[in-house]
Amino acid sequence: MHGPDLVRALQQAERVVVLTGAGASAESGIPTFRDALTGLWSRFDPARLATEEAFREDPELVWGWYEWRRVLMGRCAPNAGHAAIARMQQAVRERGGALDVVTQNVDDLHERAGTRGVIHLHGDIGSSRCADCGARRPPGDPHGEVPEGGRRAVPPRCPACGGPLRPEVVWFGEELPAAAWSRAATAARAADVLLSVGTSSTVYPAASLPRFALESGARVVQVNPHPTGLEAIADDDLRGRAGSVLPALADAAFGPSGADFQR
Ligand code: BJW
Ligand code: ZN
């Protein structure tokens with residue numbers, strides 16, 4: 001599945017970056033954006049719900065979709081892929097290196113698997129802010145009613161100005177959080193090895209990160225059951241699910257562990 005030279009590269013790398021997308025959480029039960037969708041929301045194009053225009057046009061549809069996803073994500077648990085990434089980070093750190101996880105996902109499954117310092121490029125579905133004045137809703141503050149099974153939901157009103165609350169995520173046409181982007185770009189340019197896991201590599205600027213790493217001489221590895229186009233320039237194309245490929249890679253590079261599900 002992966003050659004001994006990749007295992008050696010991981011063992012010797014001082015700086016590793018793992019870039020993750022929706023496919024990394026798929027085996028936890030969270031639907032991806034661009035794979036075939038099932039269920040109540042299948043008649044909507046998720047990418048079309050992820051815009052400010054969609055929210056302004058139909059706030060109840062968009063807020064309901066995000067509340068449904070927020071509740072779903074809270075009920076899901078990290079999978080063996082998340083656990084393997086956390087284990088690799090610990091192993092790399094123990095020998096004095098660094099492994100940065102840069103995620104496009106708005107869930108917290110990397111954190112719940114034990115990964116430290118996760119860089120969130122597209123925000124956090126658990127937080128919200130006022131769409132009009134930007135006031136942040138304190139984390140942990142209860143949200144409105146949960147749309148059971150995915151229904152429209154009226155967004156709560158901002159206590160300061162009365163505007164509608166929106167999720168603290170990055171929609172199309174919006175800037176990424178500057179500090180997160182800057183950390184991610186710096187880490188990619190300094191990487192010896194970059195793993196691109198479960199992303200279609202279609203959304204920018206996140207999709208530029210493997211190229212930054214390649215330009216700096218890093219080894220770039222794709223982990224995905226399907227081709228995305230990145231395999232044309234990547235050094236390794238590991239075709240398979242994150243939950244199978246990553247534990248095998250972590251075992252081969254850092255020794256087996258039976259503890260992946262026990263975190
Ligand atoms: C598995 C698996 C398993 C399945 N194991 N793998 C033209 C060129 C370049 C850029 C642009 C352009 N036109 C417009 C832009 C800019 C735009 C963009 O990139 N558009 C492209 C679509 C072309 N980007 C932006 O607007 C960004 N901002 C920006 O550029 O600011 C500057 C600017 C400002 C003003 C004007 C213009 C520019 C912001 C992008 C924000 C993206 N937001 C979303 C929603 C986040 C909130 C939420 O979660 O709802 O982020 S959209 C959605 O896509 C989400 C994801 O993070 C993101 C990426 O998707 P991802 O993770 O790759 O998922 P999928 O579903 O696409 O792929 C899943 C993969 O997993 C597949 O490959 C499967 O095979 C695989 N898989 N099972 C491993 N078990
Ligand atoms: Zn407000």
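In this predicted model, the largest pocket has a volume of about 1000 Å³. Its lining is made up of 48 residues, and those nearest the centre of the pocket are Gly21, Ala22, Thr32, Phe33 and Arg34. Three elements give two or more residues to this lining, namely α2 (23–26), α5 (59–75) and β7 (219–224). By residue class, the lining of the largest pocket comprises 23 nonpolar, 17 polar and eight charged residues.

Strand β7 also belongs to an open sheet of six strands, in which the pairing is parallel and the order is β3-β2-β1-β6-β7-β8. The edges of the sheet are formed by β3 (119–120) and β8 (236–239), each of which pairs on one side only. Strands of a sheet pair through backbone hydrogen bonds, in either a parallel or an antiparallel sense.

Within the sheet, β6 (residues 193–197) is flanked by β1 and β7. Five bridges connect β6 with β7, and the two strands pair in the parallel sense. In this pairing, valine 193 is opposite arginine 219 of β7, and leucine 194 has valine 220 of β7 as its bridge partner. The pairing of β1 with β6 is likewise parallel and comprises five bridges; here threonine 20 stands opposite valine 197 of β6.

Strand β6 is mostly covered, with five of its five residues buried. The cover extends to both faces of the strand: Val193, Leu195 and Val197 are buried on one side, and Leu194 and Ser196 are buried on the other. The residues of β6 named above in the pairings with β1 and β7, valine 193, leucine 194 and valine 197, are among these buried residues.

Two helices that pack on the sheet involve β6 in their contacts. Helix α1 (residues 4–12) touches β1 (15–20), β6, β7 and β8, and its direction makes about 115° with that of β7. Helix α10 (residues 242–254) touches β6, β7 and β8, and its direction makes about 155° with that of β6. Strands β6, β7 and β8 are therefore touched by both α1 and α10.

Alanine 179 is located in helix α8 (residues 178–190). Because its relative accessibility is 58%, above the 50% cut-off, alanine 179 counts as exposed. The C-alpha atoms of alanine 179 and histidine 120 are 9.9 Å apart in space, while the two residues are 59 residues apart in sequence.

Key: Residues are numbered from 1 along each chain as its sequence is written. Chains are lettered from A and ligands numbered from 1 in the order in which they are written. This is a predicted model: local features need pLDDT of at least 70, side-chain atom pairs count only at pLDDT 80 or more; totals for chains, interfaces and linings use all residues. Side-chain values use heavy atoms; hydrogens and water are left out. On a 1 Å grid over the protein atoms alone, a cavity is a set of points where a 1.4 Å probe fits but cannot get out, and a pocket is an open set with protein on both sides within 12 Å along at least five of seven lines; lining residues have an atom within 4 Å of a point. Grid points are joined across faces, edges and corners, and a volume is the space filled by probe spheres set on the points. Helices (H or I, at least four residues) and strands (E, at least two) are DSSP runs, numbered from the N terminus. Ala, Val, Leu, Ile, Met, Phe, Trp, Tyr, Cys and Pro count as nonpolar, Asp, Glu, Lys and Arg as charged, and the others, Gly among them, as polar. Two strands pair if DSSP finds at least two bridges between them. Contact means heavy atoms within 4.5 Å. Axes are lines fitted to C-alpha atoms, for helices over the stretch in contact, and angles run from 0 to 180 degrees between N-to-C directions. Buried means under 20% relative accessible area, exposed over 50%, partly exposed in between (1.4 Å probe, protein chains only).
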